[in-house]
Amino acid sequence: MNRSLATSVPRSARNRAAAPTQLQQDSAWRPALVLGISSLLLLGLAYAMATASVSRLLFPAQADGSLLIRDGQVRGSQLIAQPFVGDGYFQARPSAANYDPMAAAGSNMARSNPALQQRVQAAITAVAAREGVPAAQVPGDLVTQSGAGMDPEISPAAAQVQIARVARSRSLPVERVAALVQANTRGPQWGVFGQPRVNVMTLNLALDDLKARP
């Protein structure tokens, strides 16, 4: 009986009944497409441009990477460690990434790893010989790598152990170099977070400025 009723309905009536359904299906994707495009433009473009503009306005140096410029040339960044050649410079922590920002990473070795233990022991021997101090006086951050391998800061103890070498190489009084280290030592962040530290990059640039003065 149902089959006879379906066949008895005129084709034109069936087409009119299907038309609203087809229109609804055609219009269902439009709000989703409009929402997707507007969200992409608003959150992916407008928001990024707004935050970048505000940060550059409020913190121009930090927005550019905290670059350190001398004589119109970029000497480095306050946020990224780099190697220094010569006894007249303070040395930063070892880097598993060879101080390459594009390959920043740690060694991912456990404390029990024999290779790590051998490397640390070799580094202790090398630093002790370079600084002329007993191996027991070598600070740990001068022989261990940070998690990213690009830590620009060392502990005050790691800076103190290098003062004699730097002063001797630059023919400067030890007290003068020690005062420069003290001037470049920063306390915990906001007086609460972290430990006192010395930025090696800014300290070495201050040494070059000191040497250039009459």
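**Note on the predicted model: salt bridges, pockets and surface**

1. Arginine 93 is buried, at a relative accessible area of 15%; that value falls under the 20% limit, which is why the residue is placed in the buried class. The model is a predicted one. Arginine 93 is a useful place to begin, as it appears both in a salt bridge and in the lining of the second largest pocket.

2. The partner of arginine 93 in the salt bridge is aspartate 151, with 3.5 Å between the closest N and O atoms. The two come from distant parts of the chain, 58 residues apart: arginine 93 sits in the loop between strand E2 (73-77) and H4, and aspartate 151 in the loop between helix H4 (114-131) and strand E3 (153-154). Aspartate 151 has a relative accessible area of 25% and is therefore partly exposed, whereas arginine 93 is buried.

3. For the chain as a whole, the count is eight helices and five strands. Read from the N terminus, the order of elements is α-α-α-β-β-α-β-α-α-α-β-β-α. The chain has 214 residues, of which 28% count as buried.

4. How many salt bridges are there in total? The count is five. One of them joins glutamate 131 to arginine 165, where the closest N and O atoms are 2.9 Å apart. This pair also links distant parts of the chain, with glutamate 131 in helix H4 and arginine 165 in helix H6, 34 residues apart. Are these two residues buried or exposed? Glutamate 131, at 6% relative accessible area, is buried, and arginine 165, at 3%, counts as buried too. Both values are under 20%, so both residues meet the cut-off.

5. Another salt bridge runs from aspartate 208 to arginine 170, and its closest N and O atoms lie 3.0 Å apart. Here the link is between helix H8 (residues 200-212), which holds aspartate 208, and helix H6, which holds arginine 170; the two are 38 residues apart. Aspartate 208 and arginine 170 are both buried. Through shared partners, salt bridges join Arg130, Glu131 and Arg165 into one network.

6. Helix H6 thus supplies arginine 165 to the bridge with glutamate 131 and arginine 170 to the bridge with aspartate 208. Which residues of H6 are buried? They are Ile163, Arg165, Val166, Ala167 and Arg170. In an α-helix there are 3.6 residues to a turn, so residues three or four places apart point the same way.

7. Just after H6 comes serine 171, with a positive phi of about 55°. Serine 171 takes this positive phi although it is not a glycine. Its place is the loop between helix H6 (163-170) and helix H7 (174-183). Serine 171 has a relative accessibility of 64% and so counts as exposed.

8. The largest pocket has a volume of about 280 Å³. It is lined by 13 residues, and those closest to its centre are Met109, Arg111, Leu116, Arg119 and Thr144. What is the lining of the largest pocket like by class? It has three nonpolar, eight polar and two charged residues.

9. The second largest pocket holds about 150 Å³ of space. Its lining includes Ala92, Arg93, Pro94 and Ser95, together with Asn98, Tyr99, Arg130 and Leu142. By class this lining divides into six nonpolar, four polar and two charged residues. Two of the residues named here recur above: Arg93 in the salt bridge with aspartate 151, and Arg130 in the network with Glu131 and Arg165.

10. Alanine 92, also part of the lining of the second largest pocket, is found in the loop between E2 and H4. At 11% relative accessibility, alanine 92 counts as buried, because the value is under 20%. Alanine 92 and asparagine 199 lie 8.7 Å apart in space, C-alpha to C-alpha, while 107 residues separate them in sequence.

11. On the surface, a nonpolar patch is formed by Trp29, Leu33, Ile37, Leu41, Leu45 and Met49, which together have about 610 Å² of accessible area. Isoleucine 37, one of its members, lies in helix H2 (residues 11-58). With a relative accessible area of 45%, isoleucine 37 is partly exposed. The value is over the 30% that patch residues need, so isoleucine 37 meets that limit without being in the exposed class.

Note on methods: Residues numbered from 1 in each chain as written. Predicted model: local features only at pLDDT ≥ 70, side-chain atom pairs only at ≥ 80, totals over all residues. Heavy atoms only, no water. Patch = residues over 30% accessible without salt bridge, like charges linked within 9 Å, V, L, I, M, F, W, Y side chains within 5 Å. Areas by Shrake-Rupley, 256 points an atom, 1.4 Å probe, with all protein chains shown as cover. Salt bridge = Lys/Arg side-chain N within 4 Å of Asp/Glu carboxyl O. Helix = DSSP H or I, 4+ residues; strand = E, 2+ residues; numbered from the N terminus. Buried < 20%, exposed > 50% of the residue type's maximum accessible area, 1.4 Å probe, protein only. 1 Å grid on protein atoms, 1.4 Å probe; cavity = no way out; pocket = protein on both sides within 12 Å on 5 of 7 lines; lining within 4 Å. Points joined across faces, edges and corners; volume = space filled by probe spheres on them. Nonpolar A, V, L, I, M, F, W, Y, C, P; charged D, E, K, R; others polar.
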